[in-house]
Amino acid sequence: MFHMQIFSPLIPTQRSVIVRDKTLAIMKKGVSFLVTIALLALASSLAYASDPSPLQDTCVAIAEPKNAVFVNGKFCKNPNLTVAEDFFLSGLDKPGNVSNPVGSAVTPVNVAQIPGLNTLGISAVRIDYAPYGQNPPHTHPRATEILIVLEGTLLVGFVTSNPENRLFTKVLNKGDVFVFPIGLIHFQFNIGHINAVAIAGLSSQNPGVITIANAVFGSDPAINPDFLARAFQLEKNVVEYLQSRFWYANN
């Protein structure tokens, strides 16, 4: 005995619904694929493209070129006129004057002293310390610093960003090397009984320096003392006293 299976033909409405659903499914897969490709392309462009780091504190856009200055504040010399002296500086063997309130002196070697450093992304400093002199807490907004002790004993350190504010500190002797990451507050303190000397390299032709106390309590014009009193949890008269002090810049 044979059993016959009877297939009922799809009515037009059912057939159109099935076709529509299949079409939507294919379109969704296509859209998902395109979105994936677009996201990968965007991620790739973000990974390989970035704005150049600024080598000055501000760069205000203006419409009139006649009032403009070159970024980094430097023109490029005609290569045919370049000479060896453009890449040379003497006198770094001479100690800086450490007879000042902080007991240290920073002698810079950047693009202002060696024009050939322009666009090369590197500079240096010599730092001299009197006994118990210090290079007060400061930051370099545009450079990482590597410090080499030539003479003496230094207590050095840096503090990481919020919220940890972790202190990394080390006592350095002659020949020791320490690194201060870009932008982090750092310091050096001569804990020896004799003068100390260090050389530091910085990863910018113009690293910049912000000495914390000078910036906060010695700004021009002065920051509102009521604000600073609350920010530092101090009495207002203490803030006003600090603002009345002369904040020496050792660099």
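These legends describe close-up views of a predicted model.

**View 1. An open sheet of 5 strands.** The strand order is β1-β2-β9-β4-β7. Pairing is antiparallel. Strands of a sheet pair through backbone hydrogen bonds, either parallel or antiparallel. β1 (104–109) and β7 (177–180) form the edges, and each of these pairs on one side only. From one strand to the next, the twist averages 20°.

**View 2. β1 beside β2.** β2 covers residues 123–129. It is joined to β1 by 6 bridges, and the two strands run antiparallel. One facing pair can be picked out here: V106 stands opposite I127 of β2.

**View 3. N110 in the loop between β1 and β2.** N110 sits in this loop. Is N110 buried or exposed? Its relative accessibility is 16%, so N110 counts as buried, the cut-off being under 20%. A polar atom of the N110 side chain lies 2.9 Å from the backbone nitrogen of A112. Leaving aside residues up to four places away in sequence, N110 touches L117, S123, A124 and Q205.

**View 4. T119, a positive phi in the loop between β1 and β2.** T119 lies in the loop that connects β1 and β2. Its phi is about 75°, a positive value, although T119 is not a glycine. Most residues other than glycine have a negative phi. T119 is exposed, because its relative accessible area is 56% and the cut-off for exposed is over 50%.

**View 5. The largest nonpolar core.** This core holds 18 residues. Which of them touch the most other members? They are Y129, L147, L154 and V156. The elements giving two or more residues to the core are β2, β4 (145–151), β5 (154–159), β7 and β9 (196–202). β9 supplies the largest share, 4 residues. Apart from this core lies another, of 6 residues. Among its members are V216, A229, V239 and L242. In soluble globular proteins, nonpolar side chains tend to be buried together.

**View 6. L154 and its contacts.** L154 is one of the core residues that touch the most other members. Which residues does L154 touch, not counting those up to four places away in sequence? The contacts are Y129, L147, V149, K170, V171, L172, F189, N190, A196 and A198. Y129 and L147 are themselves among the core residues that touch the most other members.

**View 7. P163 and N165 in the loop between β5 and β6.** P163 is found in this loop, and N165 is found there too. β6 spans residues 167–172. The peptide bond from N162 to P163 is cis, with omega near 0°. N165 is not a glycine, and its phi is positive, near 50°. Most residues other than glycine have a negative phi, and most peptide bonds are trans. N165 has 40% relative accessibility, so it counts as partly exposed.

**View 8. A cis bond at P221.** The peptide bond joining D220 and P221 is cis. Its omega is about 0°. P221 is placed in the loop between α2 (212–217) and α3 (225–231). Most peptide bonds are trans.

**View 9. F246 and Y248, an aromatic pair.** The structure holds 6 aromatic pairs. How far apart are the ring centres of F246 and Y248? They are 6.4 Å apart, and the ring planes stand at 65°. The pair is therefore edge-to-face, for which the planes must be over 60 degrees apart. F246 is in the segment after α4 (236–244). F246 counts as exposed, at 66% relative accessibility. Y248 is partly exposed, with a relative accessible area of 28%. F246 also has a C-alpha atom 7.5 Å from that of G218, with the two positions 28 residues apart along the chain counted as their separation.

**View 10. An aromatic cluster of phenylalanines.** Which residues form this cluster? F158, F168, F178 and F180 make up one aromatic cluster.

Definitions and conventions: Residues are numbered from 1 along each chain as its sequence is written. This is a predicted model: local features need pLDDT of at least 70, side-chain atom pairs count only at pLDDT 80 or more; totals for chains, interfaces and linings use all residues. Side-chain values use heavy atoms; hydrogens and water are left out. Two strands pair if DSSP finds at least two bridges between them. Axes are lines fitted to C-alpha atoms, for helices over the stretch in contact, and angles run from 0 to 180 degrees between N-to-C directions. Buried means under 20% relative accessible area, exposed over 50%, partly exposed in between (1.4 Å probe, protein chains only). A polar contact is a pair of N or O atoms within 3.5 Å; within protein, one must be able to donate a hydrogen and the other to accept it, and residues adjacent in sequence count only if both atoms are side-chain atoms. Contact means heavy atoms within 4.5 Å. A nonpolar core is a set of buried Ala, Val, Leu, Ile, Met, Phe, Trp, Tyr and Cys residues joined through side-chain atoms within 4.5 Å. Rings of Phe, Tyr and Trp (its six-membered ring) pair if their centres lie within 6.5 Å; planes under 30 degrees apart count as stacked, over 60 as edge-to-face and the rest as tilted.
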